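Student: I've got a protein model open and I'm not sure how to read it. Could you walk me through some features?

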Amino acid sequence: MEHATQFELHLADRMSRLGTETAFEVLNRARQLEREGKEIVHLEIGEPDFATPSNIVEAAVDALHKGWTHYGPSAGLPELRQTIADYVSRTRGVPVKSDEVVVVPGGKPIIFFSILSLIDPGDEVIYPNPGFPIYESMINYVGGRAVPIQLREERDFGLNVDELASLITDRTKLIIINSPQNPTGGVLSRKDIEGIADAVADRNIFVLADEIYSRLLFEGEHFSIMSVPGFKDRTILLDGFSKTYAMTGWRMGYGVMRPDLAAHVTRLMTNSNSCTASFTQVAGVEALRGDQSSVTAMCAEFKKRRDAFVAGLNKIQGFSCRMPKGAFYTFPNVKKTGVPSKKLATALLEEAGVACLSGTAFGEFGEGYLRFSVANSLENLDKALYRINDWTHKNL
Ligand SMILES: Cc1ncc(COP(=O)(O)O)c(C=O)c1O
């Protein structure tokens, strides 16, 4: 970014190691094309297209009127921390106390704060690739050594436990797992999770379990490594409100971890955000305790769209797509098109009016794939399929 000044900008070295989330850049480009009069189908951004359920909105409005407009405790309002502790105890089958919960603005800060609190330069962190790009960005930012574990299509984008075991060294400090997964929609089975636990065994390694999509699961039961005997003290559970309750713009998530680590993550909150917005936290209590039918309905709708979109993708020349088991993404293999992923994603946006992400936005092992979000109407998904099909006929 050019800025006319006689003073040169001397950034800290670490800024050169900071990555990004391409979804926001593609969204900006798509919006620019729209301003130029093009019509774009948005399948790039990872957020539900549903409104936040009205009981949650009303709880926030009521909280505003009642004066929940001031600073609160850095770790979160006691009532919300207790509600989250109860919810996690119930859903993960392990007793959790409120002092093990830290409420933060979105799920993302838990990635940042865990890595900031645990990783020294040279420490190794194993993370999924393709995977959420913020993991790699944060590991590199703090000077850690980013060790990717490849998620393979032939394993339905699960993780090969033997491969994971072979990556663990004396310097491994943290392993990041994410299920259901962004960008592949892959889900780690109970057997996979138990295999990961066996591979870690009694080593002093933390596991950051990113379970932000835990309620967006199309088959089977969600299983957390936190539930494996002996792992509660070594697990940092990341979950939140963004995806489950269509609350991406509210910025509220949480981490669950042993209380001594929670105290340090809370210090990072004091130093950065002071606290998560108080009235949103009051609404968070309603989200977890109130009617859950909107979550069930949203998940059923995503499943319907997933089925239709995957079927459509599999009819397109050069595309083949596995059935994702969770989250709201599809991750088709496009190797047979012969076009590199980034080039293909750009062409689909610029020439076909379909915004999607290159698999490489999620790491080097994403080459040969595209990510499409199905958080859009069936009508728009159909339109996207038609346009992609038309583009391939004209260009391949
Ligand atoms: C795997 C994963 N983890 C964390 C997040 C961050 O969620 P939030 O918007 O609550 O910060 C996302 C958002 O896309 C995600 O896909």
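Tutor: Sure! Keep in mind that this is a predicted model. Let's start with a pair of helices: α11 and α12 are roughly perpendicular to each other, because their axes cross at roughly 105 degrees and angles from 65 to 115 count that way.

Student: What do people use to describe two packed helices?

Tutor: Two things: the angle between the axes and the distance between them. Here the axes of α11 (residues 341–352) and α12 (residues 378–395) come within 11 Å.

Student: Which residues in α11 and α12 meet?

Tutor: On the α11 side, look for Leu 344, Ala 347, Leu 348, Glu 351 and Ala 352. Their partners in α12 are Arg 387, Ile 388, Trp 391 and Asn 395. Sorted by class, this contact has six nonpolar residues, two charged ones and one polar one.

Student: Now the ligand. Which residues come nearest?

Tutor: There are 13 residues around the ligand, and the nearest are Gly 107, Asp 210, Tyr 213, Ser 242 and Lys 243.

Student: And where do oxygen atoms of the ligand have polar partners?

Tutor: Try the side chain of Tyr 213, where an N or O atom is 2.7 Å from a ligand oxygen. In the side chain of Arg 251, an N or O atom is 2.8 Å from an oxygen of the ligand. With Lys 108, look at the backbone instead: a polar atom there is 3.0 Å from a ligand oxygen.

Student: How much of the ligand does the protein bury?

Tutor: On its own the ligand exposes 390 Å², and the protein buries 94% of that.

Student: Okay, what about the backbone? What do most peptide bonds look like, and what sign does phi have in most residues other than glycine?

Tutor: Most peptide bonds are trans, and phi is negative for most residues that aren't glycine. Now for some exceptions in this model. Ser 179 and Pro 180 are joined by a cis peptide bond, with omega about -15 degrees. The bond from Asn 182 to Pro 183 is cis too, with omega near 15 degrees.

Student: Where do Pro 180 and Pro 183 sit?

Tutor: Pro 180 is in the loop between β5 (172–178) and α7 (190–200), and Pro 183 is in the loop between β5 and α7 as well.

Student: And which residue has a positive phi although it is not a glycine?

Tutor: That's Phe 157, with a phi of about 60 degrees. You'll find Phe 157 in the loop between β4 (145–150) and α6 (161–167).

Conventions:
Residues numbered from 1 in each chain as written. Predicted model: local features only at pLDDT ≥ 70, side-chain atom pairs only at ≥ 80, totals over all residues. Heavy atoms only, no water. Axes fitted to C-alpha atoms, helices over the stretch in contact; angles between N-to-C directions. Helix = DSSP H or I, 4+ residues; strand = E, 2+ residues; numbered from the N terminus. Parallel < 35°, antiparallel > 145°, perpendicular 65-115°, else oblique. Contact = heavy atoms within 4.5 Å. Nonpolar A, V, L, I, M, F, W, Y, C, P; charged D, E, K, R; others polar. Near = heavy atom within 4 Å. Polar contact = N/O pair within 3.5 Å; in protein donor to acceptor, adjacent residues only side chain to side chain. Areas by Shrake-Rupley, 256 points an atom, 1.4 Å probe, with all protein chains shown as cover.
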